[in-house]
Amino acid sequence: MEATSAGGESQPPAPQPQSQPSSPPTATPSRYESQKRRDWNTFQQYLRNHKPPLTLARCSGAHVIEFMKYLDQFGKTKVHVTECPYFGQPNPPSPCACPLKQAWGSLDALVGRLRAAFEENGGKPEGNPFGTRAVRIYLREVREGHAKARGIPYEKKKRKRSTVTAAAIVSTAAAAVNSSGPGDGGDNDDNTNRIGAGVTTVNMATVTPSISTAAI
């Protein structure tokens with residue numbers, strides 16, 4: 001029933017508020033993407049504060065190395081100097097005055113993220129300063145220097161390869177030989193030769209040099 005006023009005239013119903021269409025939820029960036037964005041912003045800020053200021057187009061591998069050395073002041077890894085009595089000891093018995101630096105693993109991961117961010121922001125792969133030989137050599141020197149100073153060597157990870165053992169092939173081939181009937185002596189000799197050849201082939205195939213995954 002419509003509402004009436006004092007003069008008896010009917011009033012139109014009050015308009016109902018319209019619901020606004022909900023926007024689709026935005027995907028939350030991964031931890032890697034968030035860290036990569038922070039690293040990229042930090043590096044750009046470093047270029048702006050550089051004396052004289054640097055543009056990304058003029059940035060070289062030497063500037064990347066300079067940036068990593070700049071980050072050492074915020075490091076938390078104790079790196080003993082050669083004069084320190086605890087040089088080369090993984091567990092020193094007491095504190096010392098040696099400086100704290102960025103760990104090699106942190107720098108290596110940082111360069112990987114910045115290398116990807118450079119190309120995502122319009123940089124060309126052939127002009128990527130984070131992938132230069134000078135940067136790789138510096139990271140290798142940091143890794144080796146930290147390993148000697150802290151007495152904790154960095155072991156290279158090896159890729160796992162799935163290989164078929166020679167014993168399994170011998171067992172299968174021997175079963176095929178035994179399944180042949182009597183009187184097939186000549187065939188058995190041929191089968192035995194083939195087994196030996198197969199074992200030799202497998203042994204040669206399984207002896208492969210290990211491939212290190214360290215990016216040097």
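**Exercise 1. Asp-39 and its partner**

Task: Classify Asp-39 as buried or exposed, and state which side chain meets that of Asp-39 in a salt bridge.

Solution. The model is a predicted one.
1. Asp-39 has a relative accessible area of 9%. The cut-off for buried is under 20%, so Asp-39 is buried.
2. The side chain of Asp-39 meets that of Arg-113 in a salt bridge, with an N to O distance of 2.5 Å.
3. Asp-39 belongs to helix H1 and Arg-113 to helix H3, so this pair ties together parts 74 residues apart in sequence.
4. Arg-113 has a relative accessibility of 15% and also counts as buried.

**Exercise 2. The network around Lys-36**

Task: Determine which residues are linked with Lys-36 in a network of salt bridges, and where in the helices they lie.

Solution.
1. By the rule used, the structure has three salt bridges.
2. One of them joins the side chains of Lys-36 and Glu-33, at 3.2 Å from N to O. Both residues are in helix H1, three residues apart, which means about one helical turn separates them.
3. An α-helix has 3.6 residues a turn, so residues three or four places apart point the same way.
4. Lys-36 also meets Glu-120 in a salt bridge, side chain to side chain, at 2.6 Å from N to O. Glu-120 lies in helix H3 and Lys-36 in helix H1, so this pair ties together parts 84 residues apart in sequence.
5. The network therefore consists of Glu-33, Lys-36 and Glu-120.
6. The accessibilities are as follows: Lys-36 is buried at 3%, Glu-33 is partly exposed at 32%, and Glu-120 is exposed at 53%.

**Exercise 3. Helix H3**

Task: Check the span of helix H3 against the expected value, then find which helices its buried residues pack against.

Solution.
1. Helix H3 covers residues 104-120, which is 17 residues. The expected span takes 1.5 Å times one less than the number of residues, which gives 24 Å for H3.
2. The end C-alpha atoms are 25 Å apart, in agreement with that value.
3. The buried residues of H3 include Trp-104, Leu-107, Leu-110, Val-111 and Phe-118.
4. Its buried residues pack against helix H1 (31-49), helix H2 (61-71) and helix H4 (133-150).
5. At Trp-104, the charged end of Arg-143 sits over the ring, 5.8 Å from the ring centre.
6. After H3 comes Gly-122, with a positive phi near 95°.

**Exercise 4. Aromatic pairs and the core**

Task: Classify the ring pairs of Tyr-70 with Tyr-46 and with Phe-74, and identify which element gives the largest share of the largest nonpolar core.

Solution.
1. The structure holds eight aromatic pairs.
2. Tyr-46 and Tyr-70 are 5.2 Å apart centre to centre, with 40° between the planes, and the pair is tilted. Tyr-46 is in helix H1 and Tyr-70 in helix H2, 24 residues apart.
3. Tyr-46 is buried at 12% relative accessible area, whereas Tyr-70 is partly exposed at 36%.
4. Tyr-70 and Phe-74 have 5.7 Å between centres and 75° between planes, an edge-to-face pair. Phe-74 is partly exposed at 48%.
5. Ring pairs link these three residues into a cluster that also includes Trp-40, Phe-43 and Phe-130.
6. The largest nonpolar core has 23 residues, and Phe-43, Met-68 and Phe-130 have the most contacts inside it. H3 gives the largest share, seven residues.
7. Beyond its neighbours within four places in sequence, Phe-130 is in contact with residues including Val-64, Val-111, Leu-114 and Val-135.

Notes: Residues numbered from 1 in each chain as written. Predicted model: local features only at pLDDT ≥ 70, side-chain atom pairs only at ≥ 80, totals over all residues. Heavy atoms only, no water. Helix = DSSP H or I, 4+ residues; strand = E, 2+ residues; numbered from the N terminus. Buried < 20%, exposed > 50% of the residue type's maximum accessible area, 1.4 Å probe, protein only. Contact = heavy atoms within 4.5 Å. Phe/Tyr/Trp six-rings, centres within 6.5 Å; stacked < 30°, edge-to-face > 60°. Lys NZ or Arg CZ within 6 Å of the ring centre and 35° of its normal. Core = buried A, V, L, I, M, F, W, Y, C linked by side-chain atoms within 4.5 Å. Salt bridge = Lys/Arg side-chain N within 4 Å of Asp/Glu carboxyl O.
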